[in-house]
Amino acid sequence: MKINKNYLNLQPSYLFSTIAKKVAEYKEKNPQANIIRLGIGDVTLPLAKTVVAALKNASEEMGHAETFKGYGEEQGYEFLRTAIQKHYEKKNVSLDTDEIFISDGAKSDLGNILDIFDKDNTVLIPDPVYPVYVDTNIMAGRTIKFMNANMQNSFLPMPEEGMTADIIYLCSPNNPTGAVYTKEQLKTWVDFALKQNAVILFDSAYEAFITDEKLPTSIYQIDGAKKCAIEFCSFSKTAGFTGTRCGYTVVPKTLVFEDTQLNKFWLRRQTTKFNGVPYIIQRGAEAVFSDEGWKEIKENIQYYLDNAKIITDAMKKANINYVGGENSPYIWLECPNGMKSWEFFEFLLEKANVVGTPGAGFGENGEGFFRLTAFGNRENIIEAVDRILKCLK
Ligand code: PLP
């Protein structure tokens, strides 16, 4: 028996465990410290009332023979795929329901999609980046090329002279930087992918944070994208489903490579290796798109965006360079006074009792940067910002 030695090439993932360890050590030495955490990318507001009502109702249905459900429909229940189709219609994107696949979240699908691609494809990934894209490709033994995201390109890398790729990852609004591509920029990527005969894996997990109507909330708002892009979406940040688990992936039937529809391959992959998301959860997800549900989740998102504004206002006051924080729950800032990411982490922990995420944990280009998240309660955000401003004076 031989192991998959590619796993030996993975960098140990110490980021969040190191943060937890450092905070615990500090807390032990300073038990009175009131530490505010603006580090972890997890939601804090509870599920919307309409969603909870739908979950309860569906649970009740499961307890009666007439309404009980066993294994669900292959790609997810039609009622949820139709609700998603209507959500796309509002973005002027028309999809067939068999182009939509319900999943237990974007992370699984982002990893699993690689099953349908050849191992020898070259992958293009931005740096810094959500680490899942990198690690899943290392596990599969693929060659990765990084593209630099930095202050010069506002952390939105674009195709460059001589660049080649088979699989391209784009994430907008971005984790960790909060940067969002414009329609024109995405059009350049779509044209590049079409020319290269490459596929774009577009991570749209934070699309619901986009409030600026000029910005694209789906790559399919760009001409030509249905011939080159797969889109990954999630209820996690949209509707607080990080613990409830539901997402969806769009694989248009017009995506054809080597005379083969990727949609057919993905259907075959999912029906072979995945048995679907619970009926109860899919009913909860459907409720997100009801008029009342959408109003409620938008209120939650606005709460996070208002938190983000409090943080970015403070960055402006302190003359700190940053991106994100608008149309995104993440604020990506340049560590002041040339500090390195972990230096600034220690500085904030000790001087302000505030915890953030060192940018170096997201790739080489993250060194010297720092991520703050707006997923906290208002009082804590105001207090944290106040302390940060005081200690930077
Ligand atoms: N994509 C990005 C960019 C993320 O930041 C996250 C979660 O933090 C995910 C995908 C995963 O989402 P899910 O909870 O749907 O698996």
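**Salt bridges and a nonpolar patch**

Q: Is Met-1 buried or exposed?
A: In this predicted model, Met-1 has a relative accessible area of 90%. The cut-off for the top class is over 50%. Since 90% clears that mark, Met-1 is exposed.

Q: Which residues make the nonpolar surface patch of about 430 Å²?
A: Start at Met-1, which sits in the segment before α1 (15-29). Met-1 shares the patch with two other residues, so the full set is Met-1, Ile-3 and Leu-8.

Q: How many salt bridges does the structure hold?
A: A pair counts when a side-chain nitrogen of Lys or Arg is within 4 Å of a carboxyl oxygen of Asp or Glu. For the whole structure, that gives a total of 15.

Q: What is the N to O distance in the salt bridge of Arg-81 and Glu-78?
A: Both residues belong to helix α3 (residues 78-89), and they are three residues apart, about one turn of the helix. Their side chains meet in a salt bridge, and the N to O distance is 3.2 Å.

Q: Which counts as buried, Arg-81 or Glu-78?
A: Buried means under 20% relative accessible area. Glu-78 comes in at 36%, so that one counts as partly exposed. At 7%, the buried one is Arg-81.

Q: How many residues apart in sequence are the parts that Asp-115 and Arg-269 tie together?
A: The two side chains meet in a salt bridge at 3.0 Å, N to O. Asp-115 lies in the loop between α4 (106-112) and β3 (122-127), while Arg-269 is in helix α8 (residues 262-273). The pair therefore links parts of the chain whose separation in sequence is 154 residues.

Q: What is the relative accessible area of Arg-269?
A: Its partner Asp-115 counts as partly exposed at 40% relative accessibility. Arg-269 is buried, so its value has to be under 20%. The computed figure for Arg-269 is 11%.

Q: Which helix holds both Lys-309 and Asp-313?
A: Lys-309 forms a salt bridge with Asp-313, with the closest N and O atoms 2.9 Å apart. Lys-309 is partly exposed at 47%, and Asp-313 also counts as partly exposed, at 30%. The two are four residues apart, about one turn of the helix, and that helix is α10 (residues 291-317).

Q: Which residues do salt bridges that share partners join into one network?
A: Side chains of opposite charge can pair when their charged atoms come close. Here, salt bridges with shared partners build one network, and its members are Asp-96, Asp-98 and Lys-253.

Note on methods: Residues are numbered from 1 along each chain as its sequence is written. This is a predicted model: local features need pLDDT of at least 70, side-chain atom pairs count only at pLDDT 80 or more; totals for chains, interfaces and linings use all residues. Side-chain values use heavy atoms; hydrogens and water are left out. Buried means under 20% relative accessible area, exposed over 50%, partly exposed in between (1.4 Å probe, protein chains only). Patches are made of residues with over 30% relative accessible area and no salt bridge: like charges are joined within 9 Å, nonpolar side chains (Val, Leu, Ile, Met, Phe, Trp, Tyr) within 5 Å. Accessible areas come from the Shrake-Rupley method with a 1.4 Å probe; for residues, only the protein chains shown count as cover.
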